[in-house]
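Reader: I am new to this structure and would like a close look at a single part of it. Could you choose one helix, and then place that helix in its surroundings?

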Amino acid sequence: MPRKLTSEEIEAQKNFMYERTVKLIARKDIDSITLDDILEEVQMAKGSFYKYYPSKEIFLYEVIKKNERIFSEKMFEAAQMKQNDLEAAFETVTELIMDKDFLFQYTLPKDTEFLLRKMPSEYRKREEGKSKNNFLRLCQEMNITPTEEFFGAISYLMEALQVIVASPDNFGEIGRKKAVSIMIQAIYGLFTMEIEKNGENK
């Protein structure tokens, strides 16, 4: 009878699967990744894989979400450290967004949507709830009234930023980095406008 893995061993195996699959997603589009691709990348048999995750889609979704959480934490840390030097903050955030360790430049919202369509409905509800809660928490921390207009504007700008980052390097890396910096400044400008508007309404 096989020895039962400890919680530490299970977590270590999941971390290994995560790290290898981030590299896989960086090489292949989400909708073209097969279970065999994953099994080869993580050096695992199909039966063993299903002991950790119920489906390929749920696994890929969890990898993307974990990468997003790590990315968000790094962004928050950078913003806190550079809050008194706006130019340095823009440069740090740009570098993070262009960092190849993060899936921001390899995935688009359509990739998450592709996975959600093949997953139980509870995951879609969780995704929608998480997005709303993150937006409300951000507005609360920045003393901004959470309006539908503001949410829509930020969502469009963030999606445009991700499209720029995830686009092929057809026009040069320097040009793409400059475009990313301009988009970050536009997002910051929108936040600044909302903060000032809320200050005037008090």
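Author: What follows is a close look at helix α7, with its surroundings and a second helix after it.

The model is a predicted one, in which local features need pLDDT of at least 70 and side-chain atom pairs count only at pLDDT 80 or more, while totals for chains, interfaces and linings use all residues. Residues are numbered from 1 along each chain as its sequence is written, and side-chain values use heavy atoms, with hydrogens and water left out.

The secondary structure of the protein chain comes to nine helices and zero strands, where helices (H or I, at least four residues) and strands (E, at least two) are DSSP runs numbered from the N terminus. Helix α7 covers residues 121-141, and its 21 residues reach 30 Å from the first C-alpha to the last, close to the 30 Å expected at 1.5 Å a residue; the expected span is 1.5 Å times one less than the number of residues.

Within α7, the residues Y123, E127, F135 and C139 are buried, a word that stands for under 20% relative accessible area, with exposed meaning over 50% and partly exposed lying in between (1.4 Å probe, protein chains only). These buried residues are on the same side of α7 because they cover an arc of only 145 degrees around the axis, the arc being that of the directions from the helix axis to the C-beta atoms. An α-helix has 3.6 residues a turn, so residues three or four places apart point the same way. The other side of α7 carries S121, K125, K132, Q140 and E141, which are exposed. Just after α7, N143 takes a positive phi of about 55 degrees.

One of the buried residues of α7, E127, also appears among the contacts of T112, a residue placed in helix α6. Leaving aside neighbours within four places in sequence, T112 is in contact with Y61, I64 and E127, where contact means heavy atoms within 4.5 Å. T112 is itself buried, with a relative accessible area of 11%.

The loop between α5 (86-98) and α6 (109-116) holds D101, which is exposed, with a relative accessible area of 55%. Apart from neighbours within four places in sequence, D101 is in contact with V22 and N67; the C-alpha atoms of D101 and N67 are 8.7 Å apart in space, although the two residues are 34 apart in sequence.

Helix α8, residues 148-166, can be read in a similar way: its 19 residues reach 27 Å from first C-alpha to last, close to the 27 Å expected at 1.5 Å a residue. In α8, F150, I154, L161, Q162 and V165 are buried, and seen down the axis these buried residues fall within an arc of 100 degrees, so they line one face of the helix. The face of α8 turned away from that buried side carries the exposed residues E148, E149 and Y156.

Finally, for the chain as a whole, 34% of the 202 residues count as buried. Among contacts between residues at least 6 apart in sequence, 63% join residues at least 24 apart. The C-alpha atoms of the protein chain fill a box of roughly 70 × 40 × 30 Å, taken along the principal axes.
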